[in-house]
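Here are my notebook entries from a walk through this structure. I kept them short and put the cut-offs beside the terms.

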Amino acid sequence: MNIVYWQCFVRPKVNPCKALVIECGSSFQSSISHNHQPGARAATAAEIMVAVKAEAMKDLLKPAPAIVNEVI
């Protein structure tokens, strides 16, 4: 079974968010909460990231810019 660690992408130099979610199969477990409010487009960014990762797993040798261009 694959285990995937999801980390918040809000990472300023001062007080970075250390929020972490562990995905194990179809189960998700939050281990650390966010230290900030969600941005206006956070849900959209998260959906794009999931789609890019899924597409990348289909072809591990495909260049990242090509994957992003297909998803967006």
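**Entry 1: the hairpin**

I began with the turn between β2 and β3, which form a hairpin with two residues between them. Gly25 sits in that turn and has a positive phi of about 65 degrees. I took helices (H or I, at least four residues) and strands (E, at least two) as DSSP runs, numbered from the N terminus. Before going on, I noted that this is a predicted model, where local features need pLDDT of at least 70, side-chain atom pairs count only at pLDDT 80 or more, and totals for chains, interfaces and linings use all residues. Residues are numbered from 1 along each chain as its sequence is written, and side-chain values use heavy atoms, with hydrogens and water left out.

**Entry 2: the sheet around it**

I then looked up how the strands are arranged. I found an open sheet of three strands in the order β1-β2-β3, with antiparallel pairing. β1 (3-7) and β3 (27-32) are the edge strands, each pairing on one side only. On average, neighbouring strands of this sheet are turned by 20 degrees against each other, direction ignored. For that angle, axes are lines fitted to C-alpha atoms, for helices over the stretch in contact, and angles run from 0 to 180 degrees between N-to-C directions.

Next I went through the pairings; two strands pair if DSSP finds at least two bridges between them. β1 and β2 (residues 20-24) pair over five bridges in the antiparallel sense. Along this pairing, Tyr5 has Ile22 as its bridge partner in β2, and Ile3 has Cys24. β2 and β3 also pair in the antiparallel sense, over five bridges. Here Cys24 stands opposite Ser27 in β3, and Glu23 stands opposite Phe28. I added a reminder for myself: in a regular strand the side chains alternate between the two faces of the sheet.

**Entry 3: β3 and Phe28**

Is β3 buried or in the open? It lies largely in the open, because zero of its six residues are buried. The classes are by relative accessible area: buried is under 20%, exposed is over 50%, and partly exposed is in between (1.4 Å probe, protein chains only).

I picked Phe28, which lies in strand β3, for a closer look. Phe28 counts as exposed because its relative accessibility is 53%. Which residues does Phe28 contact, leaving aside its neighbours within four places in sequence? I listed Trp6, Val21, Ile22 and Glu23, with contact meaning heavy atoms within 4.5 Å. I also checked Phe28 against Pro12: they are 16 residues apart along the chain, and their C-alpha atoms are separated by 25 Å.

**Entry 4: two loop residues**

Asn15 caught my eye, since it has a positive phi of about 55 degrees although it is not a glycine. It lies in the loop between β1 and β2. Asn15 is exposed, with a relative accessible area of 55%.

From Asn15 I moved to His36, in the loop between β3 and α1 (42-58). The two are 21 residues apart in sequence and 9.8 Å apart in space, C-alpha to C-alpha. At 27% relative accessibility, His36 counts as partly exposed. Not counting residues up to four places away in sequence, His36 touches Cys8, Val10 and Cys17.

**Entry 5: the whole chain**

I finished with the overall values. The protein chain has two helices and three strands, running β-β-β-α-α from the N terminus on. Its C-alpha atoms fill a box of roughly 35 × 30 × 20 Å, taken along the principal axes. Of its 72 residues, 10% count as buried. Among contacts with a separation of 6 or more, 14% come from residues 24 or more positions apart.

The chain exposes about 5900 Å², with carbon and sulfur atoms supplying 61% of it. I used areas from the Shrake-Rupley method with a 1.4 Å probe; for residues, only the protein chains shown count as cover.
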